Amino acid sequence: MTRPDDDAQRLEDERWMRMAIEVAKSKGSDPSSSPLGCVIILEGKVIAAERNQTHELPDATAHAEMMAIRRGCEGSGSMELRSATLYSTLQPCGMCTMASIWSKVGRVVYGAGRDDVHPMYFEAKHVDTLRFISDAYRDDIVIEGGCLAQLCAELYYGPDDDVPEDEQGNL
Ligand SMILES: [Zn+2]
């Protein structure tokens with residue numbers, strides 16, 4: 001049984017996750033273009049909507065979440081994004097999780113998780129953020145996964161897909 005509040009929250013989450021999916025698809029929906037999308041919502045308003053730009057810039061740290069946190073801080077004129085919710089189409093890596101902690105984002109909601117996509121997305125550099133966060137010094141950040149997981153997973157190579165070696169890299 002879900003309560004009305006839970007339903008409202010779920011619908012709200014799905015609404016913003018759909019936007020993150022659209023942002024991810026802004027450069028096409030081929031998994032080889034590594035589409036990741038992130039939106040940050042503060043007090044019901046979009047303060048950032050970014051996709052990963054590691055190859056374009058090029059910048060190894062230009063993950064969608066990092067870009068969105070930068071834009072969000074610039075736009076709001078504050079380095080603290082307290083009570084903001086960050087939506088990401090894929091479970092954030094260790095770097096982006098730490099960036100969420102440093103920027104004081106209140107809640108992180110992601111779509112596809114480790115088991116929904118090819119292992120390439122979570123090799124070595126990708127710490128399991130859920131375990132990671134339980135050891136972090138901040139305990140007032142909430143991380144929830146599985147929002148529109150199936151729709152988000154369709155953006156990426158599947159768990160059993162045969163991915164060419166040269167398409168595996170920093171996303
Ligand atoms: Zn990341």
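**Entry 1: L81 and its contacts.** I looked up L81 in this predicted model. Setting aside residues up to four places away in sequence, I found that L81 touches I40, L42, G72, C73, S76, S103, K104 and V105. I located L81 in the loop between α2 (64-76) and β3 (85-90).

**Entry 2: Burial of L81.** I asked whether L81 is buried or exposed. A residue counts as buried if 20 or more other C-beta atoms lie within 10 Å of its own. L81 has 24 such atoms within 10 Å, so I recorded L81 as buried.

**Entry 3: L81 and I47.** I then checked a pair that is 34 residues apart along the chain, L81 and I47. Their C-alpha atoms are separated by 9.9 Å.

**Entry 4: I40.** I turned to I40, one of the residues that L81 touches. Apart from neighbours within four places in sequence, I40 is in contact with I47, A48, A68, G72, L81, A84 and L86.

**Entry 5: The largest nonpolar core.** I noted 41 residues in this core, of which A20, V39, I40 and A68 touch the most other members. Among the elements that give two or more residues to the core are β1 (37-42), β2 (45-51), β4 (107-112) and α5 (149-153). I also asked which element gives the most. The element is α1, with 6 residues.

**Entry 6: Helix α3.** I listed the buried residues of α3 (residues 94-102) as C96, T97, A99 and S100. Seen down the axis of α3, these residues fall within an arc of 160 degrees, and therefore they line one face of the helix. Just after α3, I found that K104 takes a positive phi of about 65 degrees. K104 is also among the residues that L81 touches.

Notes:
Residues numbered from 1 in each chain as written. Predicted model: local features only at pLDDT ≥ 70, side-chain atom pairs only at ≥ 80, totals over all residues. Buried ≥ 20, exposed ≤ 12 C-beta atoms within 10 Å, placed from the backbone. Helix = DSSP H or I, 4+ residues; strand = E, 2+ residues; numbered from the N terminus. Arc of directions from axis to C-beta. Contact = placed C-beta atoms within 7 Å. Core = buried A, V, L, I, M, F, W, Y, C linked by C-beta atoms within 7 Å.
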